[in-house]
Amino acid sequence: MDALASLMDGFAIALTWQNLGLALLGCFLGTIIGTMPGLGPSNGVAILIPVAFTLGLPATPALILLTSVYYGAMYGGRISSILLNIPGDEPAMMTTLDGYPMARQGRAGEALALSGVASFVGAFFATWGLVFLSPLLVKVALLFGPAEYFALFVLAFATLGGVTSRNQSKAAFAAALGLAIAMIGVDGQTGMPRYTFGNVHLYDGIDFLVAIVGLFALSEVFIFLEHRGESEASGKDAKPLGRITVPLKTLKETSGTMGRSTIIGFIAGVLPGAGASLGSFVAYTLEKRMVDRKGTFGKGDPRGVVAPEAGNNAAAGGALVPMLALGVPGSGTTAVLLAMLLALNITPGPLLFTNNPDVVWGLIAALFIGNLMLLALNIPLVGLFVRVLSVPPRILMPTVAMVAAVGIYGISGSTFDLLVMVGFGVLGWVLRKLDVPLVPVILGVLLGNLMEANLRRALTISNGDWSILVGSPLTITLWTVAIVGFVLPMIVGRFFRIRRAHTAAGEGADPD
Amino acid sequence: MSSDRVFGGVGLLLAAFFIWQATQVELGFSSDPLGPRAFPIIIGGVMALACIYPLIRPDESPDWPPLGRLLEIALAVAVMTAYSLALSEVGFLLATAVAAAILSWRLGSRPLGAVIAGVGISVGIYVVFHLILGLALARGPWGF
């Protein structure tokens, strides 16, 4: 019961006025960000990192703010899914299937309240999963040497590309591109500049925050410019809310779905490379197969709202497990959170639990608190967030671009970084058009130097003998999982892949 | 010519350039067994391999926007570039108001609405981030 004792310490850290205030602010901002179509968790967190960073917040409060935004965005995504049939972010895609039909039947308020409860249940139990699973994973991770870490990084890229991408070769390209960008700068071990082309600004390498903000946030602005005027949905088209309550009977009927979807979502979240989108997709699909006897799914069945919402919120919690315990993020947003930790000079992984237990447990306690706040914010105040939907993109998108620029300029005060950010914005737009996933790029930029360092350390230990990479049962297991994770989805085919519609929403959707 | 073929071709060139550059990296006096060249060469190899599949079996081309929209995006890129360069010259408030107004106009605001939006966004960010949160923003010749 070490975990429980540590959790109590965590509550002692999280329960300060400053941290509670930051959690509340994060939950509020997160819900707004999640509500707005086109702005999702990874965009929201990406824009706010430089801001939190330049504000000089210490690690724990900064992390509390940003993970509250992350959880909040997961809650917020459902609002526009239900009211407008437009997912507020990618994980909320599946919620449109039954949420919007419910709204058309005049049960919008019920759908919103029910999905709020489902989100709470999913996130609540997933956070408990995080409490108990991460220390176990840490014990395994303590056995890892450089060769194991190298294999683990390969595994993360392989499953990320294998599971979430439609075209594995493009995912592999994206990973290589990200790693290549990470190589820019002075080599840490020999002090030799690489790919700097004599430009002093490049000696420090490309700041990953600049890359993230450009790829995610700025490219979103370009996508909006491209599709301007095609689907002008706003709060005015929203269905009337009706009463925002859940009948007890509905709760009872959906409790089984809630439980199953939470478990499935959590597992999907923990697997490296599979984030909340996959969690909600698998939860909905399985639930449909299991309980949809009368064919009511897709026509406004409350269980069809509960399954994806419990699933994606549970996955959001699950995705934090590998990020904190191994330092290998399981999804786009956790990759962005990892960037935050690295920017604060904190290296996640097993040592985080021994060196900075206050950060880990303070964060987990804050997640419990934030989750309660979100439930309280989301059911009575949902009308307020609905009003946010009426902010048109012509105001929203310039604001996003400018806040992104403010954050980047705030870090370094460098014009060069701003120009690089614009370059990444264009790159992000082109890659999205070509259906090249952005998350492996980000992961590559983040992990590239760590991955190389581990490879070189392993080969230094073995004196240049490459067989060390497969020299232990652990490495062989990791390589096997990596290969299976990359190859199996090609064979099994389309079942596990999210079929995204070829629309502006699909293309512009924010990865979770 | 499908987009994916172009993508694969450009990717291959990029990979080749990346590997060639890796071979040009100077070796230090003392080095680990692997040295600074090997990992980039591996990455370049993976990149090149990944580019072969789209060359052989390209996906369907995406719907590229018509020329007008491409110009819109180009304009936005130009605005952001000019903004980056102007920020330290004319200060945050002016640069941001102008850039936000142009973006808002191109996203569908009427000219007057765009000006109001631009000024509103600029002042709003200034108040929230600078006056309330105390973030350092670019100062122009007039101190704001």
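Colleague: Let's start with burial in chain A. What share of its 512 residues is buried?

Modeller: Keep in mind that this is a predicted model. A residue is called buried if 20 or more other C-beta atoms lie within 10 Å of its own. In chain A, buried residues come to 63% of the 512.

Colleague: And how do I read the overall form of chain A, compact or spread out?

Modeller: Begin with the elements: chain A has 21 helices and two strands. Its radius of gyration is 22 Å, close to the 24 Å from the globule rule for 512 residues, so chain A is as compact as a globular protein of that length. The C-alpha trace spans about 70 × 50 × 50 Å along its principal axes. As for contacts with a separation of 6 or more, 82% of those in chain A link residues 24 or more positions apart.

Colleague: Now chain B. Which elements does it have, and in what order?

Modeller: Chain B has five helices and zero strands, running α-α-α-α-α from the N terminus. Here the radius of gyration is 23 Å, well over the 15 Å that the globule rule gives for 144 residues, so chain B is more spread out than a compact globule. Its C-alpha trace covers about 55 × 50 × 25 Å along the principal axes.

Colleague: What do burial and contacts look like there?

Modeller: Buried residues make up 33% of the 144 in chain B. Of its contacts with a separation of 6 or more, 59% are between residues 24 or more positions apart.

Colleague: How many residues of each chain are in contact with the other?

Modeller: An interface's size is often given as the accessible area lost when the parts come together. Here we can count residues instead: 56 of chain B are in contact with 54 of chain A. Helices H1, H2, H3, H4 and H5 of chain B each supply at least two residues to that side, and H3(B) gives the most, with twelve. By class, the side of chain B that touches chain A has 38 nonpolar, twelve polar and six charged residues.

Colleague: Can we zoom in on one pair of helices? At what angle do H9(A) and H3(B) pack?

Modeller: Helix H9 (residues 208-226) of chain A packs against helix H3 (residues 67-90) of chain B at about 150°, with the axes 9 Å apart. The crossing of H9(A) and H3(B) is right-handed.

Colleague: Which residues meet there?

Modeller: From H9(A), Val221(A), Phe222(A), Leu225(A) and Glu226(A) meet Arg69(B), Glu72(B), Ile73(B) and Ala76(B) of H3(B). That contact divides into five nonpolar, no polar and three charged residues.

Technical notes: Residues are numbered from 1 along each chain as its sequence is written. Chains are lettered from A and ligands numbered from 1 in the order in which they are written. This is a predicted model: local features need pLDDT of at least 70, side-chain atom pairs count only at pLDDT 80 or more; totals for chains, interfaces and linings use all residues. Helices (H or I, at least four residues) and strands (E, at least two) are DSSP runs, numbered from the N terminus. The radius of gyration is taken over C-alpha atoms; the globule rule is 2.2 Å times the number of residues to the power 0.38. A residue is buried if 20 or more other C-beta atoms lie within 10 Å of its own, exposed if 12 or fewer, and partly exposed in between; C-beta atoms are placed from the backbone. Two residues are in contact if their C-beta atoms, placed from the backbone, lie within 7 Å. Axes are lines fitted to C-alpha atoms, for helices over the stretch in contact, and angles run from 0 to 180 degrees between N-to-C directions. A crossing is left-handed if the near helix is turned anticlockwise from the far one by less than a right angle, and right-handed if clockwise. Ala, Val, Leu, Ile, Met, Phe, Trp, Tyr, Cys and Pro count as nonpolar, Asp, Glu, Lys and Arg as charged, and the others, Gly among them, as polar.
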